Amino acid sequence: MTDLPKRAKIREVGPRDGFQNEPEVVATDDKVRIIDQLTKTGLTHLEVTSFVRPDVIPQLADGAEVLARIERRADVKFGVLIPNRRGLENALKLRDHFDEASFFLSSSETHNMKNVNRTVGQSLAELSGVAEDARAEGLRCVAVISTVFGCPYEGKIEPERVFEITEQLVEFGCAEIGFADTTGMANPLQVGEFFGDAFERFPNVELTAHFHNTRGQGLANVLAAVQSGCASFESSFGEMGGCPFPPGSTGNVATEDVVSMLHEMGIETGIDLPALIECSRAMQEALGRNLTSHVLTAGPVDWAGEA
Ligand code: ZN
């Protein structure tokens, strides 16, 4: 266990990971309004959308419009998920509207094949060139590896395999590597050991944790990662999204739950928690149904009401 960090960085991925995986198609006006609200909460990093084929993911078909319309702020880094070269070309038409390009691939051959119809090697080969072009445009490159802590098709993934992939991504110039528990299979002990090893192996790379609350272990995994030195997280306001497998599963660990826990532990995020909760409320209204995050339901810890 290392000393706890004083501050943690959070990338809000709800507008991409959330909107993409919720059953409804969120109206463009609602997306723009709620993203603008999110960027006024003190969040410093936000993944806006993905430049995927609209016939594959209709929920994000308005990605370019959303990116063009949201208010650009000097204190918030905007990121876009880039699935392939075509996606990068389309995103670059709006180059001035974002700062970071995120890429993804799976550490499981079967999951990668089912997800993007490529072997992991083929994904890496394409990513190499796309990342090079993104960097030439001055974009900061972030790569997220999915199913790191377990794959629904292959079971356990060896950390060594994940580290081999990480090594290549770092070689391609990715400044930050995210490790995603795509279907919520991670446990805290595993997470602690994984990040301990990862920081030893990659001391000069920003390593990010991306947990899903599918089996209710999201916050426990955040704690385990923090205790192993991780100070960078991706999460989704309202607990939206996540890989919808199996159907009906809850989504990403909720940003307001992570922020509340970290603040209570004395770790700053720079995020105004009540303002963030208002964003999840606005989202509930837009969707016309309740979202599932704990802090949204219970409210922040209120020490004034202490008995
Ligand atoms: Zn996710």
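The following paragraphs describe the zinc site, the nonpolar core and the cysteines of this structure.

The model is predicted, so local features need pLDDT of at least 70 and side-chain atom pairs count only at pLDDT 80 or more, whereas totals for chains, interfaces and linings use all residues. Residues are numbered from 1 along each chain as its sequence is written, and side-chain values use heavy atoms, with hydrogens and water left out.

Asp-17 (OD), His-210 (NE2), His-212 (NE2) and Asn-252 (OD1) coordinate the zinc ion at 2.0 to 2.1 Å. Donors here are N, O and S atoms within 2.8 Å of the metal (3.2 Å for Na, K and Ca); water is not among the atoms, so sites may look incomplete. The angles among the four donor atoms run from 88 to 159 degrees, and the site is irregular; four donors would count as tetrahedral if all angles lay between 85 and 135 degrees, or as square planar if opposite donors were over 155 degrees apart and all others between 65 and 115. Asp-17 and Asn-252 are both buried, that is, under 20% relative accessible area (exposed is over 50%, partly exposed in between; 1.4 Å probe, protein chains only).

The largest nonpolar core holds 86 residues, and Phe-103, Leu-169, Phe-179, Phe-195 and Phe-211 touch the most other members. Such a core is a set of buried Ala, Val, Leu, Ile, Met, Phe, Trp, Tyr and Cys residues joined through side-chain atoms within 4.5 Å.

The whole structure has zero disulfides, a disulfide being a pair of cysteine sulfur atoms within 2.5 Å. Cys-230 is buried at 0% relative accessible area, and its sulfur lies 17 Å from the closest cysteine sulfur, in Cys-174, too far for a bond.

Notes. Four donors count as tetrahedral if all angles lie between 85 and 135 degrees; four count as square planar and six as octahedral if opposite donors are over 155 degrees apart and all others between 65 and 115; anything else is irregular.
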